[in-house]
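Let's take a walk through a protein model, stopping at a few spots where its pieces come together. Keep the picture open as you read.

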Amino acid sequence: MKKHPLTIGVMAGLLSLAAALPLQAANETTVPGAQPQQSQQQEAIESRIQNLLAQMSVQEKIGQLALRDWGTFGASDMKSIKQAVRDGRVGGFLNVNFSSVDKNAFEELQRIAVEESPLGVPLLFGQDVIHGYETIFPIPLGQAASWNPELIKNGARVAAQEASADGIRWTFAPMIDISRDPRWGRIAETLGEDPLLTSVLGVAMVEGFQTGNLADPTSLAACGKHFAGYGAAEGGRDYNSAYIPERLLRDIYLPPFKAGIDAGMQSIMSTYSTLNDVPGTGSPFLFKQILRDEWGFDGFVVSDWNAVMEMVPHGFARDAKHAATLAANAGIDMEMHTDTYEKFLPQLMDEGKFSETQLDTAVANILRVKLRLDLWNHPYPRAKSKAEREQIIRNDNFLNAAKDAAKETFVLLKNDKQLLPLKKGQTVAVIGPLADAAHDQLGTWIYNGDKKHSHTLLPALREMVGDDGEILYAAGLDYSRDTSTRGFKAAIKAAKKADVILFVGGEEAILSGEGHSRGDIRLPGAQTELVAELAKTGKPLAMVLLAGRPLQLDKTLEQADAVMMAWHPGTMAGPALADVLYGESSPSGRLPLTWPVGAGQIPIYYNHLATGRPATEENYTRIEKIGREVFQHQPGNSSNLLDYGHKPLFPFGYGLTYSEFDYSDLELSSNELDFNGQLEISATITNTGKTTATETAQLYVRDLVGSVSRPVRELKGFERLTLQPGESRTVSFTLAPAQLAFHNADMQQVIEPGDFHVWVAPDAESGLQGSFKLQ
């Protein structure tokens, strides 16, 4: 049967999709327009913007586009930069508390702007508040493993309350780049590989930062980054080229940004990378066509740090003046760190290469956000004294929230013979370089995090056990990259005395994050060798991994009886891990990305296309089983790797608990779905184990035949259920036709009739399967 696609608008399709998501937080937007009162507020803001623009000189307008890095200034710069603020030539600062001269200049700089600049326009203070301010939550990839938007929202809310106490009102988060390459260091900052999961969790983060009211003094304006395609950098090498067909860009990489904007996200940051040979910072396609014309975004766009000038080494700009021309005309409103706008925009305007109308638009975009933040009424740090600050920063409620968040992010990957949870009364040999690593457990991007406030695993285990058992400790390795075996002897001695070995390894914080990509993602240093020696003792061996990415485990996975991925869990890592390891709560994390067998499998992701020769267990032979001098086709001809096979080590959505769950009774309300209808899909989930635990039921679909090839599975919904032993519950999903939309070869967003498979599943490779027809 020939398909007749129904073309739909991009916005309508995405909004319909969002409406059908389970557990999505209420979409409170700070952008006025939804209510009469908000409309009046917006009219007042627009009127005030025009009034300010009418009074501004060109120099003051250009000043609003300048975001200066306070941390780069020395003592000799203080007079001139403060004078620039006085003259209205600076719109904002980042990194104010990273100055070698003055780490607490928020109030002074703002006072100069408000009281001494020509129009008293407040400064906007921004910072990378990524997964906490001083109370550090798990890295974003770890938070994504919770599949819990309320957890994400609460973490962002805590970070906003702490950061705003110091005067920060803008964060360079959430990072909603889709990435399918765990070699990339910045995958630690992402929310995984799936557009729907990233959209739901990204929206939750925006709502946590911004609250339902941007004028709230505890709010931070959120910034979606990096627009667009940064997570697809070639070879996982940071800052590198990204080649993304427009169909893939629109269906996979852009939806989280659109979802964030619909939720009221106030700013967007450009990507460092090129996208299809054009640096993102110089792309009118991204910032004018998509962001402004198609999506109607009315916040502001900021370049990434130094990204304007980096168009020169990209070979896209001849010099600084040309870079300013390209960025300004592409739609970059605010320039971070560099000063090409200040130097060259007046000349470009005189030469007719940039207009004052364009300048006014950029300034209006920035002023609009400043007014929504109510900076004129709340320009100064929220904490008025050291004592007031101490009541806010790292208070008990925030620390408890960080601990609770971490507990939901741990993913149990293996648990043979139910080795975990550990039991009181046992002697446990704690071995490994990250068992007491106060700094490294915090992870990447912790500008204000301090290891002296970290609660590590070793003391938490000792507190948990008390007199009921014994904790022996021998690190074995000084740090994750340590190649010396001098500590092995003490580690093996401790292991032989123990009932259970708990190895705590992985990678240090510095091995992930910006600029920290790895070609070899195996356990670094001599960790693999140490685990092998521990396994030879014959003692039960549990492994906890702290890392910013999935790691290649090789034989280590076979040698360990239990493996738990803990990511980099933050300030309260130790108490959270101790609770889960000793069964105070069951692990509930699920992988937000596909875990490869090894680096040679990358990129690997669950929502891939089928090939003309898809691999199965029957149609190929693994390398170790291939005979010598056999006929060319004897090993089989299918899409696989002879040494890795065709499946990942662990699929997207995977995670074990201390209990077991049974899926049964899949029901569809109909075997047909009308274009104007909805399909109800349900299944019964039963806790068949002996422990209360949380299961995450996932809804997947497959469009069997399309005008372009369609993925083998796509996530369309999920729901977390906490069940008592023996308890059953029905999980229900509503599937609307708009959720089946995609872009065809003509770049139209369409819904095509045809046959579909549907699964309610615990991960992307299993589950109960049904089918329906869209007509």
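Start with α17 and α21, which lie oblique to each other because their angle falls outside the other classes (under 35 degrees is roughly parallel, over 145 roughly antiparallel, 65 to 115 roughly perpendicular, and the rest oblique). Helix α17 covers residues 457-465 and helix α21 covers residues 573-581; they pack at about 45°, with axes 8 Å apart. Helices here are DSSP runs of H or I with at least four residues, strands are E runs of at least two, and both are numbered from the N terminus. Axes are lines fitted to C-alpha atoms, for helices over the stretch in contact, and angles run from 0 to 180 degrees between N-to-C directions.

Before going on, a word about what you're looking at: this is a predicted model, where local features need pLDDT of at least 70 and side-chain atom pairs count only at pLDDT 80 or more, while totals for chains, interfaces and linings use all residues. Residues are numbered from 1 along each chain as its sequence is written, and side-chain values use heavy atoms, leaving out hydrogens and water.

Which residues of α17 meet α21? They're Leu 457, Ala 460, Leu 461 and Met 464, and on the α21 side you'll find Gly 574, Pro 575, Leu 577, Ala 578, Asp 579 and Leu 581. Contact means heavy atoms within 4.5 Å. By class, the contact of α17 with α21 has 8 nonpolar, 1 polar and 1 charged residues (Ala, Val, Leu, Ile, Met, Phe, Trp, Tyr, Cys and Pro count as nonpolar, Asp, Glu, Lys and Arg as charged, and the others, Gly among them, as polar).

Now hop over to helix α9 (residues 246-253) and helix α10 (residues 255-262), whose axes come within 5 Å and cross at roughly 45°. That makes this pair, α9 and α10, oblique. Leu 249, Arg 250, Asp 251, Ile 252 and Tyr 253 of α9 meet Pro 255, Pro 256 and Phe 257 of α10.

Last stop: strand β20 (residues 679-687), home of Thr 686. Is Thr 686 buried or exposed? Thr 686 is buried, because its relative accessible area is 15% (buried means under 20%, exposed over 50%, partly exposed in between, with a 1.4 Å probe and protein chains only). The C-alpha atoms of Thr 686 and Glu 727 sit 5.7 Å apart, though 41 residues separate them along the chain. Ser 682 lies in β20 too, and at 15% relative accessibility Ser 682 also counts as buried.
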